[in-house]
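Biologist: I have a structure to go through with you. Please tell me how each label is earned.

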Amino acid sequence: MQIHTLAEAIPYYGHDAYLLTVAQDGPHTSHVSIELRDSTIGCAVGASAARNIVREPHVSLFWPPTEPGGYALIVNGVATGEHQATGVIMAEITLKKAVLHRPGPKPDDGNGPCGNDCRRLTW
């Protein structure tokens, strides 16, 4: 797999992801459909995720591997929420870090921030 940018990764992994926010009592995971914009990701969120973003704006998006032994896609960012006139709550996530990650030893050409097989992506 030769993916170097988030723009290349999204069509491969799909527009459906898991949004991870932090609630008062711990982590909260919700399913979202995303739209990649230059250096942000937009998505509609539910009321719980919207409350969590106000309280703690640092969020992660997660896509599981598409095949056994494959890379997961993890995107970290800072979110803001906005209530639309239609009643939908839209989140805009400013991108901070995107990586392809899988367990295993860090390869010689690995450029990720951890000791596993982790590859940093640009937007």
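**Reading the labels**

Modeller: Start with a pair of strands. Strand 1 and strand 2 form a hairpin, with two residues between them. Keep in mind that this is a predicted model.

Biologist: What makes strand 1 and strand 2 a pair?

Modeller: Bridges do. Pairing takes at least two bridges found by DSSP. Strand 1 and strand 2 have eight, and they run antiparallel. So they count as paired. One of the contacts to look for is at Val-22, whose bridge partner in strand 2 is Pro-27.

Biologist: How do you know that strand 2 and strand 3 pair?

Modeller: Apply the cut-off of at least two bridges again. Strand 2 and strand 3 share four bridges, in the antiparallel sense. Therefore they pair too. Ile-34 has Cys-43 of strand 3 as its bridge partner. A hairpin of two residues links strand 2 to strand 3.

Biologist: What joins strand 4 to strand 5, and in which sense do they run?

Modeller: Six bridges join them, and the strands run antiparallel. Trp-63 is matched with Leu-73 in strand 5. Leu-73 also has a bridge partner in strand 6, namely Leu-100. Strand 5 and strand 6 pair over twelve bridges, antiparallel once more. Their hairpin has five residues between the strands, and Gly-87 there takes a positive phi near 95°.

Biologist: How many helices and strands does the chain have?

Modeller: Two helices and seven strands. From the N terminus, the order is α-β-β-β-α-β-β-β-β.

Biologist: Why is the chain called as compact as a globular protein of its length?

Modeller: Compare two values. The radius of gyration is 15 Å. The globule rule gives 14 Å for 123 residues. The two are close, so the chain is as compact as a globular protein of that length. Its C-alpha trace spans about 50 × 30 × 25 Å along the principal axes.

Biologist: Which residues of helix 2 are buried?

Modeller: Helix 2 covers residues 47-55, and its buried residues are Ala-49, Ala-50, Asn-52 and Ile-53.

Biologist: How do you know that they lie on the same side of helix 2?

Modeller: Look at the arc. They cover only 165° around the axis, which puts them on the same side of helix 2. The face turned away from that buried side carries Arg-51 and Val-54, both exposed.

Biologist: What covers the buried residues of helix 2?

Modeller: The cover includes strand 1 (16-23), strand 2 (26-37), strand 3 (40-45), strand 4 (58-63), strand 5 (72-83) and strand 6 (89-102).

Biologist: Why is Cys-43 called buried?

Modeller: Buried means under 20% relative accessible area. Cys-43 has 1%, so it is buried. Cys-118 has 2%, so Cys-118 is buried as well.

Biologist: How many disulfides does the structure hold?

Modeller: Zero. A disulfide needs two cysteine sulfur atoms within 2.5 Å. The count is zero, so no cysteine pair meets that cut-off.

Biologist: And the chain as a whole: what percentage of its residues count as buried?

Modeller: Of the 123 residues, 37% do. The chain exposes about 6,900 Å², and carbon and sulfur atoms supply 53% of that area.

Biologist: What share of the contacts joins residues at least 24 apart?

Modeller: It is 48%, taken among contacts between residues at least 6 apart in sequence.

Note on methods
Residues numbered from 1 in each chain as written. Predicted model: local features only at pLDDT ≥ 70, side-chain atom pairs only at ≥ 80, totals over all residues. Heavy atoms only, no water. Buried < 20%, exposed > 50% of the residue type's maximum accessible area, 1.4 Å probe, protein only. Arc of directions from axis to C-beta. Contact = heavy atoms within 4.5 Å. Rg over C-alpha atoms; globule rule 2.2 N^0.38 Å. Areas by Shrake-Rupley, 256 points an atom, 1.4 Å probe, with all protein chains shown as cover.
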